[in-house]
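Please open the model in your viewer and keep the sequence panel visible beside it. The tour below proceeds by selections, each followed by a description of what is found there.

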Amino acid sequence: LVRRQGSGTYVTERPLLRNSLDVNFSYTAYLESLGVRATRRVLGLRRAPAGEQLAERLRVGANHRVVEVRRVRTADDRPAIYSVDVIPEDVLGETADDAFGGSLYSLLAGVGHHVAHGDAILAPAMADETLASVLDVPVGTLLLHVEQVDVDITGRRVMLSREWHVPEVIELRCFRRGPGIATAPEAGA
């Protein structure tokens, strides 16, 4: 940050990478296409009933079993994204636990659930002790939180992703058209 008397405070360092939100794709493949050394590490994997909150987002029953995968992705050895992805277990069939280290979009496509689109909500978030530890940032660091439900080509909700992005490493951008006519959001969206 640089402070200019009578003018304000300005950010002088830009993020390492920029990514547009208008297309879903593998972050690892994207980073590698830019010549960045990208890694992803599975921090945890569990199978359990969805519970009320996840069930509502995925439109399944509360006792419907899901697989939750916790991962961190790095760009040139800097933690960039921490994600918690939840997939209904029946979507995955007999998928082995070691299959979750790669692209989840490829995994879903491989079991017949090609993702057609995702509905994302973006919001700022502050790093608590857990996020700070995983992303190697100080507690209280401002992060970008993305929560997205991915829908396959049949209209089934196949994955709920919660991601925390480190803005100093990766900047997310959105292409916006307009001006358009304002409409009320769809019920249940």
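What follows is a tour from the whole chain to the sheet, and then to individual side chains.

**The whole chain**

Begin with the entire chain selected, bearing in mind that this is a predicted model. In cartoon representation, five helices and ten strands make up the secondary structure. The chain has 189 residues, and 40% of them are buried. Among contacts with a separation of 6 or more, 57% are between residues 24 or more positions apart. If you switch to a surface display, the accessible surface amounts to about 11200 Å², with carbon and sulfur atoms contributing 51% of that area.

**The six-stranded sheet**

Next, select strands 4, 5, 6, 9, 8 and 7. In that order they form an open sheet of six strands with antiparallel pairing. Strand 4 and strand 7 (115-126) are the edge strands, each pairing on one side only. On average, neighbouring strands of this sheet are turned by 15° against each other, direction ignored. Strands of a sheet pair through backbone hydrogen bonds, so it is useful to show backbone atoms at this stage.

Add helix 2 (residues 51-58) to the selection. This helix lies across strand 4, strand 5, strand 6, strand 7, strand 8 and strand 9, and it runs at about 110° to strand 9.

**Strand 6 and its two neighbours**

Now restrict the view to strand 6 (78-88). How many of its eleven residues are buried? Ten are, and the strand is thus mostly covered.

Bring back strand 5 (residues 65-75). Strand 5 and strand 6 run antiparallel and are joined by ten bridges. The two strands form a hairpin with two residues between them, and in the turn Asp 76 has a positive phi of about 50°. Along this pairing, Val 69 stands opposite Asp 85 of strand 6.

Then show strand 9 (157-165). Strand 6 and strand 9 are antiparallel and share six bridges. Select Asp 85 again: its bridge partner in strand 9 is Ser 161. Asp 85 can therefore be used as a marker from which to look both ways, towards Val 69 in one pairing and towards Ser 161 in the other.

Continue to strand 8 (142-152). Eight bridges join strand 8 to strand 9, and these strands also run antiparallel. Val 151 has Arg 157 of strand 9 as its bridge partner.

**Glu 68 and its surroundings**

Select Glu 68, which is located in strand 5. Is this residue buried or exposed? Glu 68 counts as buried because its relative accessibility is 10%, and the cut-off for buried is under 20%.

Expand the selection to the residues that Glu 68 touches. Leaving aside residues up to four places away in sequence, these are Gly 44, Leu 45, Arg 46, Val 84, Asp 85 and Val 86. The side chain of Glu 68 also makes a polar contact with the side chain of Arg 70, at 3.0 Å.

Glu 68 further forms a salt bridge with Arg 46, in which the closest N and O atoms are 3.2 Å apart. Glu 68 belongs to strand 5 and Arg 46 to strand 4 (residues 38-49), so this pair ties together parts that are 22 residues apart in sequence. Arg 46 is partly exposed, with a relative accessible area of 46%, whereas Glu 68 is buried.

**Salt bridges at helix 3**

The structure holds nine salt bridges; two that involve helix 3 are the next stop.

Select Glu 89 and Arg 47, whose side chains meet in a salt bridge at 3.1 Å, N to O. This pair links distant parts of the chain, with Glu 89 in helix 3 (residues 89-92) and Arg 47 in strand 4, 42 residues apart. Arg 47 counts as partly exposed, at 28% relative accessibility. Add Arg 65 and Asp 97 to the selection to see a network of salt bridges that links Arg 47, Arg 65, Glu 89 and Asp 97.

Finally, select Arg 156 and Asp 90, which meet through their side chains in a salt bridge at 3.0 Å, N to O. Here the link spans 66 residues, from Asp 90 in helix 3 to Arg 156 in the loop between strand 8 and strand 9. Both partners are partly exposed: Arg 156 has a relative accessible area of 25%, and Asp 90 has one of 45%.

Notes: Residues numbered from 1 in each chain as written. Predicted model: local features only at pLDDT ≥ 70, side-chain atom pairs only at ≥ 80, totals over all residues. Heavy atoms only, no water. Helix = DSSP H or I, 4+ residues; strand = E, 2+ residues; numbered from the N terminus. Buried < 20%, exposed > 50% of the residue type's maximum accessible area, 1.4 Å probe, protein only. Contact = heavy atoms within 4.5 Å. Areas by Shrake-Rupley, 256 points an atom, 1.4 Å probe, with all protein chains shown as cover. Polar contact = N/O pair within 3.5 Å; in protein donor to acceptor, adjacent residues only side chain to side chain. Salt bridge = Lys/Arg side-chain N within 4 Å of Asp/Glu carboxyl O. Pairing = 2+ DSSP bridges. Axes fitted to C-alpha atoms, helices over the stretch in contact; angles between N-to-C directions.
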